[in-house]
Amino acid sequence: MVRSRALSPHARNILAALLEARGHWRHGYDLARSAGVKSGTLYPLLIRLEGQGYLEAEWQQPPGGGRPPRHAYRLTASGVQLAKDNPPVTADPRGLTA
């Protein structure tokens with residue numbers, strides 16, 4: 001059973017970064033930078049979203065060799081819908097959030 005509590009701002013930022021990739025694979029380091037999330041927060045969220053069926057993940061070999069494989073992520077169809085339904089929270093200049 002999937003819990004239906006509200007997504008955190010970090011989760012929303014990660015989903016937005018993946019939605020922006022338009023179905024292309026993105027690596028964790030790249031996602032951390034574009035979503036503004038530290039790795040200690042990023043990877044537990046990615047694992048949880050993957051477990052809930054919103055992401056798919058695979059190991060990819062780097063093109064140059066000599067480097068370890070990297071885990072890459074992209075949204076599933078239900079992940080795309082979740083990202084569209086939960087856009088990133090933007091700060092209101094008056095100090096209020098959306």
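# A walk through the core, the sheet and one buried arginine

Let's start in the middle. The largest nonpolar core has 20 residues, and Ile14, Leu15, Leu18, Leu31, Leu42, Leu46 and Leu55 are the ones that touch the most other members. At least two core residues come from each of α1, α2, α3, β3 and α4. Helix α1 gives the largest share, with five residues. Keep in mind as you look around that this is a predicted model.

Now step back for the overall layout. The chain holds four helices and three strands, and if you read along the sequence they come in the pattern α-β-α-α-β-β-α. Of its 98 residues, 32% count as buried. Among contacts with a separation of 6 or more, 52% are between residues 24 or more positions apart. As for the outside, the chain exposes about 6600 Å², and carbon and sulfur atoms supply 54% of that.

Since α1 gives the core its largest share, let's look at that helix next. It covers residues 9-20, and its end C-alpha atoms are 16 Å apart; that agrees with the expected span, because twelve residues at 1.5 Å a residue should also span 16 Å. Which residues of α1 are buried? They are Ala11, Arg12, Ile14, Leu15, Ala17 and Leu18. And what covers them? The cover includes the strands β1 (26-27), β2 (55-60) and β3 (70-75), along with the helices α2 (28-35), α3 (39-51) and α4 (77-85). For a single residue's view, try Leu15: leaving out residues up to four places away in sequence, Leu15 touches Leu7, Leu49, Leu75, Gly79, Leu82 and Ala83.

Follow the chain past the end of α1 and you meet Arg22, which sits in the loop between α1 and β1. Its phi is near 55°, a positive value in a residue other than glycine. Is Arg22 buried or exposed? Its relative accessibility is 72%, so Arg22 counts as exposed.

A little further on there is another arginine, Arg26, and this one belongs to strand β1. Arg26 has a relative accessibility of 10%, and because buried means under 20%, it counts as buried. What does its side chain do there? One polar contact, at 2.7 Å, goes to the side chain of Asp30, and another, at 2.9 Å, joins it to the side chain of Ser34. Apart from neighbours within four places in sequence, Arg26 is in contact with Ala17, Leu18, Ala21, Leu31, Ser34, His71, Ala72 and Tyr73. Two of those names should look familiar, as Ala17 and Leu18 are on the list of buried residues in α1.

That brings us to the sheet. Strands of a sheet pair through backbone hydrogen bonds, either parallel or antiparallel. Here the three strands form an open sheet in the order β1-β3-β2, and the pairing is antiparallel. Strands β1 and β2 stand at the edges with a single partner strand each, so one side of each has no neighbour in the sheet. How many bridges join β2 to β3? There are six, and these two strands run antiparallel. To find your place in the sheet, look for Gln60, which stands opposite Arg70 in β3.

Notes:
Residues are numbered from 1 along each chain as its sequence is written. This is a predicted model: local features need pLDDT of at least 70, side-chain atom pairs count only at pLDDT 80 or more; totals for chains, interfaces and linings use all residues. Side-chain values use heavy atoms; hydrogens and water are left out. The expected span of a helix is 1.5 Å times one less than its number of residues. Buried means under 20% relative accessible area, exposed over 50%, partly exposed in between (1.4 Å probe, protein chains only). Contact means heavy atoms within 4.5 Å. A nonpolar core is a set of buried Ala, Val, Leu, Ile, Met, Phe, Trp, Tyr and Cys residues joined through side-chain atoms within 4.5 Å. A polar contact is a pair of N or O atoms within 3.5 Å; within protein, one must be able to donate a hydrogen and the other to accept it, and residues adjacent in sequence count only if both atoms are side-chain atoms. Accessible areas come from the Shrake-Rupley method with a 1.4 Å probe; for residues, only the protein chains shown count as cover. Two strands pair if DSSP finds at least two bridges between them.
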